[in-house]
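Visitor: I would like a close look at a single part of this assembly. Please take one chain and show me how its surroundings and its inside fit together.

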Amino acid sequence: MWRDDHIYLGTAYYPEHWPQDRWATDVELMQAAGLEVVRVAELAWAVLEPQPATWCFDWLDEFLAIAARHGLSVILGTPTEAPPSWLWHQYPDVVATDEWGRPHGGRGRYCYNNRRLQEHINALVSAMAERYGHDPRVIGWQIDNELRATRCFCQQCQRDFRGWLKARYGSLDTLNEAWGTVFWSQRFAQWEDVDLPTGAQLTTTTSQILDHLRFASESAVRHLERQASIIRQHSREQFVTHNSMGVYPWLDLHALARLLDFIGWDSYPAVDSDNYDTVLAHDLMRSVKSGTPFWMLEQKNGYFNGSAYNLAIEPGLVRLWAYQDIARGANGILFYRWRSNRFNVEQNPNGILRHDGEPRRAYQEIAQLSRELSRFGDQLAMTRVEAQAAIIWSYDQVWAESAHPQYPAIRYADEVAAYHRALTQLGFTADVVSPMADLSQYRWVVAPMLSLVNPDMLARLADFVSAGGHLVLSVRSGIKSWSNVVFDVTWPEPLGTMVGMRVAEFDALPPGVENGIIYDHQRYAVGGWLEILEPLTAEVLATYDGKFYKGAAAVTRNQYGNGWVTYVGVRHQDDLLRAVFAEVTETAGPELPPRVFYTTREGKAGRFAFYLNFQPVATAVKVRYPGRDLLTRQWVQGQVTVGAWDLLLIEEDRSDC
Amino acid sequence: MWRDDHIYLGTAYYPEHWPQDRWATDVELMQAAGLEVVRVAELAWAVLEPQPATWCFDWLDEFLAIAARHGLSVILGTPTEAPPSWLWHQYPDVVATDEWGRPHGGRGRYCYNNRRLQEHINALVSAMAERYGHDPRVIGWQIDNELRATRCFCQQCQRDFRGWLKARYGSLDTLNEAWGTVFWSQRFAQWEDVDLPTGAQLTTTTSQILDHLRFASESAVRHLERQASIIRQHSREQFVTHNSMGVYPWLDLHALARLLDFIGWDSYPAVDSDNYDTVLAHDLMRSVKSGTPFWMLEQKNGYFNGSAYNLAIEPGLVRLWAYQDIARGANGILFYRWRSNRFNVEQNPNGILRHDGEPRRAYQEIAQLSRELSRFGDQLAMTRVEAQAAIIWSYDQVWAESAHPQYPAIRYADEVAAYHRALTQLGFTADVVSPMADLSQYRWVVAPMLSLVNPDMLARLADFVSAGGHLVLSVRSGIKSWSNVVFDVTWPEPLGTMVGMRVAEFDALPPGVENGIIYDHQRYAVGGWLEILEPLTAEVLATYDGKFYKGAAAVTRNQYGNGWVTYVGVRHQDDLLRAVFAEVTETAGPELPPRVFYTTREGKAGRFAFYLNFQPVATAVKVRYPGRDLLTRQWVQGQVTVGAWDLLLIEEDRSDC
Amino acid sequence: MWRDDHIYLGTAYYPEHWPQDRWATDVELMQAAGLEVVRVAELAWAVLEPQPATWCFDWLDEFLAIAARHGLSVILGTPTEAPPSWLWHQYPDVVATDEWGRPHGGRGRYCYNNRRLQEHINALVSAMAERYGHDPRVIGWQIDNELRATRCFCQQCQRDFRGWLKARYGSLDTLNEAWGTVFWSQRFAQWEDVDLPTGAQLTTTTSQILDHLRFASESAVRHLERQASIIRQHSREQFVTHNSMGVYPWLDLHALARLLDFIGWDSYPAVDSDNYDTVLAHDLMRSVKSGTPFWMLEQKNGYFNGSAYNLAIEPGLVRLWAYQDIARGANGILFYRWRSNRFNVEQNPNGILRHDGEPRRAYQEIAQLSRELSRFGDQLAMTRVEAQAAIIWSYDQVWAESAHPQYPAIRYADEVAAYHRALTQLGFTADVVSPMADLSQYRWVVAPMLSLVNPDMLARLADFVSAGGHLVLSVRSGIKSWSNVVFDVTWPEPLGTMVGMRVAEFDALPPGVENGIIYDHQRYAVGGWLEILEPLTAEVLATYDGKFYKGAAAVTRNQYGNGWVTYVGVRHQDDLLRAVFAEVTETAGPELPPRVFYTTREGKAGRFAFYLNFQPVATAVKVRYPGRDLLTRQWVQGQVTVGAWDLLLIEEDRSDC
């Protein structure tokens, strides 16, 4: 049985790829490095069921026995990402149909709604769960792999989509009204005419596309739910999880995570990354299960297969990535993968062992990490990451934008990332939450570019502010219905009186063209998307300094109840956002040099501060609170040097705070 | 009944998009702004015929009544751009088939040759014309909307194309000869083997593609003609027009315009445009109906939905666009659209009223325009634009080029635009005419890059020159038959002796590589496409100054009869063209500062000169002839300042000329 | 009967394109220019067989008679590149099916495995061979034209591919093992599930794609073989050849050439080319038939139809191209084409005569060339090009890379070209040979980026080195099986002990990022792909000077038997490669100024050195060995000036060597 007060290290292994007489050697090497858990069977359907209903579990039993002998627990993957060739030859419509009506394959491109496939998956997962659901050597299950929300345009999906719409809208009149089908004579005269948004449609609506994206995400979630439900019929003490793809935008993780014991994700940062995308994903993972720990089901340790270039891993970086995972909330880390793969599109040396089966630098770093965690891992495991702010991340908003991306110069995902980056740079940690999340625990809530709104979320935001919170809004907010139709009122009137201003006009500039704003006596160049604001009750924080609207308001702040709403009327601009947040938070965070990341975990066991240095040179850090560095066991305070690709992990002594 | 001695202002309205109790408010606001005409029903097929043969005219009757009460006349659009979903579900082959045999929808992508669709369109238009053909509240009809010449590859189009070819070529031998099918064994053995140029063809000819483009254009023209004919059976005093897309190259406006009382077009200039594309379209619109006035059926007044960026409209620009329309020949302007749209791909605030229904800056500018025109609009309406030159614009040439665009560095449309731009910059106005146009009224005719020629047009050009005209030709002229096959003679021998030179060789340079020519002691850098000319009887005006052909002729001039032919042997180069035209015209135009546009309208009511300043700063203009500025009512002469985004509109006093 | 001790000049003519009464004029002009051979009928299927089984040879008989009267021999093309329209309308599946199951035409895009087409081709070629196989006026046959290895995905190809795989792998288990189908559950349960790699496959393997590319190449080779076999049944004294497309990578010329008497190719160099691609193709052509002469079946003399720009041909260049052909091993040159084409996509003036039928500059240069060759052509014809080195060119490697091009910054073809270019710049001539070639005759063998290896080639390479040769290897060598699967050993262990080092890691840099290496006290910037080498027995020739692996080996040299292996662990870098070769060859080549190309032909008739100056200015060349210039008949030695676009052709006097 697995423990939630422990940080697990492990790896992913594909015994079916290697000679059976090598398995014991590999497991011994894992044990020697201090690994405790190994994931198997993840893509092995054709080996588990080589012919329809012919089960072949012997090899897996054998591996479980070897693993157990060396003290390794096992996570079983349900291998449903890769239906075997006999299956999709027997039922060719298992392959997803594209918008042109063609069977169009590719990794994971099968139809979630195909009934025959569902039956085969049910049979497979049932067989696995019956056999291993009570097996103490198995601590948990990973369902499928990196689920995508494949959009399939087959006849079955057509029928299911129509049913889904009927359930959502009730009547065809309601749907016609919600989608605005009066436009271009798209109006549907009967349900039978409501199609998927295929290429064969004479006219398509952006509202239809949005609903299709919702349907596709839900189809994937139901696919996972069916498997989770089968496993739980046979298993009580094993966890059920899934390895998601981080900020992959097509699958609603808020909905998916509800079905899991904890969420997992697969992280493949580039060596020359600035890390902001990784920590955004970490913060999302932590937030989809209300701040509880998540697992890294795949953590890069070698070369990545999906990129056009591949920098050699810098010494120390594998260990540092792992500490970054923990610093943001991970309680389990499986390094991907044990030994480098030989086949097809993944032929880079991406393993802890090279193709030749020999340990390499990553192996030594992981062994070091394991030794370190053996000292303080359990202490950390019992803490939670502290977040001061929440950033709203709306899948519906991503999908609505993708249905018709009018302005390439401004994208929702970029805005969210920029606001998150500014907070991170200032040393604040933000949860990344659903528009329907409970916001009461936060001091600051940031909702960048929240175009699509519904009454529920508007009420939550208003409650948050009137109770004393500070809400930061930005451009293009509150302009569209939940069905992707523009309101017939002045922007952003649906947000009500809390904003205290209205948008008179906008100026969407081409690349390379700029205007400027004056904020707190400082000029900031701005471009891409600018809004000319008319304050009603709001105070003007910044004004434009060029073009015919020179002097007009660009940033406003309004008091509402006991709280405040700041509205940033321009596309994100990093130094501007840092200035805005400095004013919003009214408090200094830690002083962080570039490329150093700071978070804290806190619990009964103490408060632990991470200062991670993501660069090939040492740098000086001013420690916020003194304490003992768990790695060096030294007492640290004031100015401290952190080595290249190294960290401070301080158990704080805040007795004098 | 409509008047041709009046300049109409109006807008486009979609009553079906708004609550019926709002209609009166909107119409009142229109009336208050001085609007006199409103276009409705343009895309409302699904509302007019919600089920097959179930007509629903009540709402339209109601709107007509409200409009009439407020003195507004109505233009009815036939809503055939947007067949309702019941129609294309009942007959799926209504959706255009693409070159891969797939039904491939999209805006306006239906098959003009589909017989079932034709029957439904006939029924719809008949029902509308019967009901409103004699209704005095309706002053005219707009057929369809922004017709595209959709290329459909369905079986019906296949049959119709074969019939069209039989009619054109008579025998298969003639077709084989004209298309040069001896090349690559493309020769057709029987009519049944002559296909549309689908992707499934083993071999395709550029001659076939050219004829298919002709067929597609004609199919669209016939589609309009069928509707016009029905309307005219029921209507005597209403006009019939169409809103074209300016210099959209796939539909032959010369052919289309013959079927209309006047042509209309939809203009959406970018705020940062240099305006040359707009005035080229204006000059084309005016010319397709022999210099008579056209209408702006959609004139941008807000944000445009089809562009990646959207600059805020500068103050004064809506009014200035309208005056530019009038300056180039418009006698009617409908601003698009009355109130901003809420649905699907057109969600920008593109209306005179915002989404919220409130008047904005555009409303005030339009009201001002209306007040101004009430003073002198009728006077202007009775004049015609004066043109000194004609530029030939050959759709067949565009299509032939698109069938196989060999040299991306030189494009026919760019050449035409450059020659037009040079004339415009010099203050001359050019008509943009068909290769078959009557040229006798012009002093100068410009035929850039006229590769495709036929005996008729060659005879017209020769007549024009021998009668004393000056013809300007440019590169790649006279090299191809009307079927897109190269002549077996020396270039440009088909143009006969009037050119007085032959093309020895060409040099098609890659981007960034240049040669130079010396013209009138001045060096001009040239690139892209250069021809080495061998003068026969022509005089050499410019020679190359680099490469092995240094000293060879680049520009020549030949006397022929009483006229002249100038041949420009290099790709367009703006300052060179201005120099060439200065020599051709032998006369100084007005001195125009950059971004100021000049035209004149003349008639019994007087002569009116427009100086339009398209920039955010005032500029000094030297007025050519003194007179009274109709806007300020001041007498002006000599040096005058024109405000930012403002104009002079001078009723000239040429008593002393 | 043709002679192999003669250099033929000729052209390509399409009598069917021109009036019959023009033929005699054209042939007279050919004769006057000194041409001796003319290729006809190459694309004339529809003229030879206008209806199924209706033969029409009269026109060809007539042309042969005219040609014979003027002393011109004829090469007959089998016109199978262009099946007539009646054929592919009668059997629509003659058109190639694309990966989406669509008939997808285009030049030469028919199915080689279509049985009906094969029957029709057999009948056509039989009819031609029966009639002309013994005709003394016909000296040879060109089969088809510029064969492409069209990948067809039809049902017949599916069946044939399965049969091909069965023959190759024997059992399904062997195929599953070779392709690594255990990955992602791709494992095939029955032969019927093994498909072509269509878009409809749920999962595809890169091993499958590699085998499909092999199958496609073989299908094209079999297509040619069937025709060659028919011709040889009827013909004894005529040659059989094919005009290939140079370094076109999809068709295995090593396999194709075995079926021909000699290989031919079509060369269309750009005027501003640096010529390295042309001479690489020349060297390949010469090598596929073991150093024996080849023919230029199409040598550009005018404008090219397949490029976006077209520089005018510099005076002297047509003659110089021809001498370059001869200098690299050509014994026949047909200038393409006689008269400029009028039809479809080839409308540029690409003929010796212009469209108008008049001789032009190219005609005069060809006549001059003919006069010159009449003096010494036969002497040259009996020599062979001398090559000091061999470069391995592996089609399997190209195909494997294309199946999944992981790193865009490093491509096999670029590496081969760079090593060839370095040798050429140093004045060495390299054969371009198959991985299975006999290497014993060479002093140096270069095998850039030889990832795919098999036991046979490894044995050949080891034999070459141990016998005293010097082998130059480069990055990514010896890492993959012949089925495109990575070995489970350390890179490049399959190459055995001859390399004397192993690859510890690699660093694949993005564009614009560099590291450096120090080689022989000189620093070279390197990027794209770098390998960190661990020397075992090898000597370190270069080390890195940056990043964490500073000081690690980048280039090594190992003694093995009597020979040496140099391993270049970085992506090609031109000046580095020249330095490496200077060390490898241990001998100075001729000192060549930029843009001067040097080769020698040698035989009983003497030794002839070519110094070709590809630039518009004269340049000084230091002649390596003195001798008589065959062109000027002057004795030359020491420093000599070569004119713009001119050459020295020295019959060397090496009596003092």
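Guide: What follows is a walk around chain B and its neighbours, then into one sheet, then across to the domains of chain A. Keep in mind that this is a predicted model.

Start with how the copies relate. Chain B can be laid on chain A by a turn of 120° and a shift of 0.0 Å along the axis, with an RMSD of 0.0 Å. The two copies are thus related as by a three-fold rotation axis. Now take chain B and chain C. Here too a turn of 120° does the job, with a shift of 0.0 Å along the axis and an RMSD of 0.0 Å.

Next, the contacts that chain B makes. Take chain A as the partner. The contact draws 41 residues from chain B and 35 residues from chain A. On the side of chain B that touches chain A, the elements giving two or more residues are helix 2 (45–48) and helix 4 (85–90) of chain B. Helix 4 of chain B gives the most, with four residues. By class, this side of chain B holds 22 nonpolar, eleven polar and eight charged residues.

Turn to chain C. This contact takes 35 residues from chain B and 41 residues from chain C. On the side of chain B that touches chain C, strand 15 (residues 501–507) of chain B supplies the largest share, three residues. That side of chain B divides into 20 nonpolar, ten polar and five charged residues.

Now go inside chain B. Look for an open sheet of six strands. Its order is 10-22-23-28-25-26, and the pairing is antiparallel. Strand 10 (384–385) and strand 26 (635–636) of chain B are the edge strands, so named here for pairing on one side only. Further in, strand 23 (residues 606–613) and strand 28 (residues 647–652) of chain B run antiparallel and are joined by five bridges. For a residue to click on, try Tyr611(B): its bridge partner in strand 28 of chain B is Leu648(B). A helix also packs on this sheet. Helix 11 (residues 317–327) of chain B touches strand 22 (596–603), strand 23 and strand 28 of chain B. The direction of helix 11 makes about 140° with that of strand 23 of chain B.

Cross over to chain A for the domain view. Chain A is divided into domain 1 (8–83 + 138–148 + 241–384), domain 2 (155–210), domain 3 (389–585) and domain 4 (596–652). Between domain 1 and domain 4 of chain A, the C-alpha centres lie 26 Å apart. Their contact takes 18 residues from domain 1 and 20 residues from domain 4 of chain A. On the domain 1 side, helix 11 (317–327) and helix 12 (361–381) of chain A are the elements that give two or more residues. Helix 11 of chain A gives the most, with five residues. By class, the domain 1 side has nine nonpolar, five polar and four charged residues.

Last, step back to the whole of chain A. It has 16 helices and 28 strands. The radius of gyration of chain A is 26 Å, close to the 26 Å that the globule rule gives for 657 residues, so chain A is as compact as a globular protein of that length. Along the principal axes, the C-alpha atoms of chain A fill a box of roughly 75 × 70 × 40 Å.

Conventions:
Residues numbered from 1 in each chain as written. Chains lettered and ligands numbered in written order. Predicted model: local features only at pLDDT ≥ 70, side-chain atom pairs only at ≥ 80, totals over all residues. Contact = placed C-beta atoms within 7 Å. Nonpolar A, V, L, I, M, F, W, Y, C, P; charged D, E, K, R; others polar. Least-squares fit on C-alpha atoms with pLDDT ≥ 70 in both. Pairing = 2+ DSSP bridges. Axes fitted to C-alpha atoms, helices over the stretch in contact; angles between N-to-C directions. Domains from an automatic or database assignment. Rg over C-alpha atoms; globule rule 2.2 N^0.38 Å.
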